[in-house]
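Colleague: I am new to this structure. Please take me through a few of its residues.

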Amino acid sequence: MAFYYQTPNVYSYSGGTETTAMNATVVDTLVNNGFRVQQLSNETNPVYAIKYADNVPSITGFSKKYDNEFNPTSAFCAIMTCSQADEGCPFIAGAEKRVPVTYEDPKLYDGTPSEKQKYLERSLEIAAEMQYVFSCVKISL
């Protein structure tokens, strides 16, 4: 949304409470929503290149803990997106601010007939809310 609304200097990082692997349904959901995803490695925790627009660098996606060296160590805002993570991470070192913007984790539906639909619903919910947030951002240059 920062790219779409031409909001400069917005950088996003991710991390969870444990390192696993990027969920295959997440990858499918991204592709179904128009992202281009290329798997770069075949390890237990694969690395992906994710493109959201032409002529911009890809986003590197892989599972990692929030304190992974790939993420910033200071001067950032920690946005907690699932209630389990908000409860499980009472302190995020280096975060100037901690903001809970929680969603029901679609992994509750893993292995059920509703799995793909629930991941899509959550993706669209997050996208709609981020669209609203960025539509409200006023830039003064």
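Modeller: Glu 125 has a relative accessible area of 30%, so Glu 125 is partly exposed (buried is under 20%, exposed over 50%, partly exposed in between, with a 1.4 Å probe and protein chains only). This is a predicted model, where local features need pLDDT of at least 70, side-chain atom pairs count only at pLDDT 80 or more, and totals for chains, interfaces and linings use all residues. Residues are numbered from 1 along each chain as its sequence is written, and side-chain values use heavy atoms, leaving out hydrogens and water.

Colleague: Which residues are joined with Glu 125 into one network by salt bridges that share partners?

Modeller: A salt bridge here is a side-chain nitrogen of Lys or Arg within 4 Å of a carboxyl oxygen of Asp or Glu. Glu 125 and Arg 122 form one, at 2.6 Å from N to O, and both lie in helix α3, 3 residues apart (helices are DSSP runs of H or I, at least four residues; strands are runs of E, at least two; both are numbered from the N terminus). Shared partners extend the network, and the residues joined with Glu 125 are Glu 104 and Arg 122.

Colleague: Is Arg 122 buried or exposed?

Modeller: The relative accessibility of Arg 122 is 12%. Arg 122 therefore counts as buried.

Colleague: How many residues apart are Asp 54 and Arg 36?

Modeller: Asp 54 and Arg 36 form a salt bridge, with their closest N and O atoms 3.0 Å apart. The pair links distant parts of the chain, Asp 54 being in the loop between β2 and β3 and Arg 36 in strand β1. Their separation is 18 residues.
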